[in-house]
Each structure stands twice: as C-alpha cells, then as structure tokens.
Amino acid sequence: MGGNDILVVWRRISMATISNRLTRLLNIQHPIISAPMAFAGGGELAAAVSSAGGLGLIGGGYGDSTWLEEQFDICAGHRVGVGFITWSLRKSPSLLTDVLKRRPVAVMLSFGDPRPFVDEIRKAGALLICQCQTIDHVWDAIEVGADVVVAQAAEAGGHGMLRGALSFVPEAADLITAHSPKSLLVAAGGIADGRGLAAAIMLGAEGVLIGTRLWASEEAIVHPRHHESIVEATGDDTIRTTVVDVARQIPWPRGFTARVRRNTFTQRWHGREDLLEQSVTSEAPRYREAFSQGDPDNTGVWFGEAAGLIGAIEPATMIVERIATQAADLLRDHSGVSLS
Ligand SMILES: Cc1cc2nc3c(=O)[nH]c(=O)nc-3n(C[C@H](O)[C@H](O)[C@H](O)COP(=O)(O)O)c2cc1C
C-alpha cells in the first residue's frame, strides 16, 4: 500500500459521518444531494458527488435528449439521479421515458405539478424527489407521496421563490411529520458548508441539496471567468430577477424568479423588463454570446447567496467530504455551547 492509499484509508476511518433515514433510503454515505443544475450539472459532477458519498443529480434542465445521453454516458457505472424543470418536461415528456431507461436512482421534479409524471417514475423503480418553494407545493409533494421533499429557500441560486429557510424548513418538517411521515425532508438554499448541513438537520431536515457550492467546483460546466466571479462575490452580490428569462425568451410561470449575480446586465434591465422585452431581438443574441464567452458582466451568472461562503473552486469530492465532516463534528460537539 502506497502513501496515498494509506492517506485515503486514514481519511475514511477518521471521518465522522452522519447516517440517518436519508442516507439509508438513498444508500449513500453523507446526507448530501447535488442540485440538478441546468447547463452546469452534468455527468462529471454527478459522478464526483456520488463517489464522494453523496447523491449526484444530472441537471435535465429544459431537456436536450442528446446532451442527457452524453451525460449519462460520462457517469456510467455511478449511482446517480436526474432532475427536470417540471413545466418544461410537460412539453416533451418522452425525455423522462428515455432517461428512465438509464436506471437513475432518483428523479427530481421542480417548478410545476408533479402528478403527470409520478406513475412512470415509480414504475421504473426510481425514487421521487419533489422540490418545493411554498407550502402549497409541499402539499402537492405529500399528496403524491414523494420519497424526498426538498424545501427550497430564497437564498438559492437559480430559480426559486421567496420563503426564508429558517421558517420554511421547520414548517415543511411539521407538515410532513403530521401527514406523510415516510417522506424525508431535505433543505436547499444557501448551504455551502458544514454549518449549513448541521443547521438544516436542527431545523428538521434529514439532509441538504446543494447547488451554488457545487457550481463552484472543478467538475461543474462553468466558464472559468464565471468561476472567478463567484470567488470574489459576497452574499450581497446576487439578485432575484426575471430579466435573465426575458433575455433568453424562456417563458417561466409567474412567481418564479432566478437568483443570479448582480452585474451590469441586471443593473441595466431589472425593473425595466418591458423595455428588455421590446429590444429582445437584439438583446437575446447579445446575452447568449456573452454567456458563451464567459463574460461575467453582460449575461446571467447563475449562483446564489452562498457565494459569500466560497473562497475557491475545488474538486467536488473535497467539497462534499468537508461539508459532511464539519457538520458531523458540529453536531457531536455542539460548537462550544454550555448547558446548565
Ligand atoms: C446554476 C444553477 C442552476 C440550477 N438549475 C436548476 C434546474 O435546472 N432545476 C432545478 O430543479 N433546480 C435548479 N437550480 C436550483 C437548485 O435545484 C437548488 O434549489 C439550489 O441550487 C439550492 O440553493 P444553493 O444554490 O444555495 O445551494 C439551479 C441552481 C443553480 C445554482
């Protein structure tokens, strides 16, 4: 056994782990799921998260069957799941039929009514994860008997709504305990380190779903200049807005906004959405070109408030293991609180 192997074995033995109903249900080592991030979360990231002991989800996004096939090929041999934007999936439901042939561990549905897809997911033997932004959404998830319910708070990067984690997570936990005790609750939004995971558990969740912190990983499909911009950002440097969807001409249902980096583009158009709409024939190609060039100022740069907790772009394995270990240590030692 070489020095490196000894180090790996030592790390595995010395690492405290949290095991609970979520780790048992998903058959994983740490109660950490990677968010199925459209465009950014491909097979490489999902595989890295799963091999670190979490569950990696491929971002099905708005649905590109060729891209999805490629991503499943990249992580062949790993236990991964996939996530879809539900209102978009309704326009091309065959995408679900196709990915179920790849035997994902779980399918996450977010942003829309899960009902039309539940039977097909169950029949294929995959677990159902429903991401919720409001208490009404939690009721929907309870009604369809979701295996995992994600309470997504407003701090989250990407699309979401307005609830704050500190009240939304325990409110969802109480509902689930009372009406669907077999469903397991996971918290999302603003979680980037072990403090976030430990806090989520204290609030009544059994684990976390992490986007932004893993967007800032080596395996995410993100332009290096966008990566540089998250390292420099604080949690104040993001905004919830619809201008990115207006510019991309993606018809998101009312009520959903996207949290992205505050930049020249958002400053120019946020609050002037009508004007942006009127100039969209010239602005849409400009937005897309800036995105593909990695321009951090003139396009959407997709990350959430957790940006302020991120100091480096690191391998996803390191991120997952550090979050898990730090949370376990915090939960065990209770961070120096003295009780009398
Ligand atoms: C770049 C990016 C893309 C995202 N795309 C999706 C998506 O396609 N589908 C989805 O359900 N959630 C998506 N989300 C939201 C995540 O599912 C999750 O709720 C969020 O990332 C959690 O908050 P955090 O970013 O603070 O970790 C995205 C988030 C980010 C940062």
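The ligand occupies the space of the largest pocket, where a pocket is an open set of points on a 1 Å grid over the protein atoms alone, with protein on both sides within 12 Å along at least five of seven lines. The model is predicted, so that local features need pLDDT of at least 70 and side-chain atom pairs count only at pLDDT 80 or more, while totals for chains, interfaces and linings use all residues. Residues are numbered from 1 along each chain as its sequence is written, and side-chain values use heavy atoms, with hydrogens and water left out.

Strand S4 (106–110), strand S9 (207–210) and helix H11 each give two or more residues to the shell around the ligand; helices (H or I, at least four residues) and strands (E, at least two) are DSSP runs, numbered from the N terminus. Among the 21 residues around the ligand, those that come nearest are Gln131, Gln152, Gly190, Gly211 and Thr212, a residue being counted if one of its heavy atoms lies within 4 Å.

Oxygen atoms of the ligand take part in several polar contacts, that is, pairs of N or O atoms within 3.5 Å. A polar side-chain atom of Gln131 lies 2.8 Å from a ligand oxygen, a side-chain N or O atom of Thr212 lies 2.6 Å from a ligand oxygen, and a polar backbone atom of Gly157 lies 3.0 Å from one. Of the 590 Å² of accessible area that the ligand has on its own, the protein covers 97%, as computed by the Shrake-Rupley method with a 1.4 Å probe.

Helix H11 (212–215) also belongs to what covers the buried residues of helix H3, together with elements including helix H4 (65–74) and helix H17 (316–333).

Key:
Contact means heavy atoms within 4.5 Å. A polar contact is a pair of N or O atoms within 3.5 Å; within protein, one must be able to donate a hydrogen and the other to accept it, and residues adjacent in sequence count only if both atoms are side-chain atoms. On a 1 Å grid over the protein atoms alone, a cavity is a set of points where a 1.4 Å probe fits but cannot get out, and a pocket is an open set with protein on both sides within 12 Å along at least five of seven lines; lining residues have an atom within 4 Å of a point. A molecule sits in a cavity or pocket if more than half of its atoms lie within 2 Å of its grid points.
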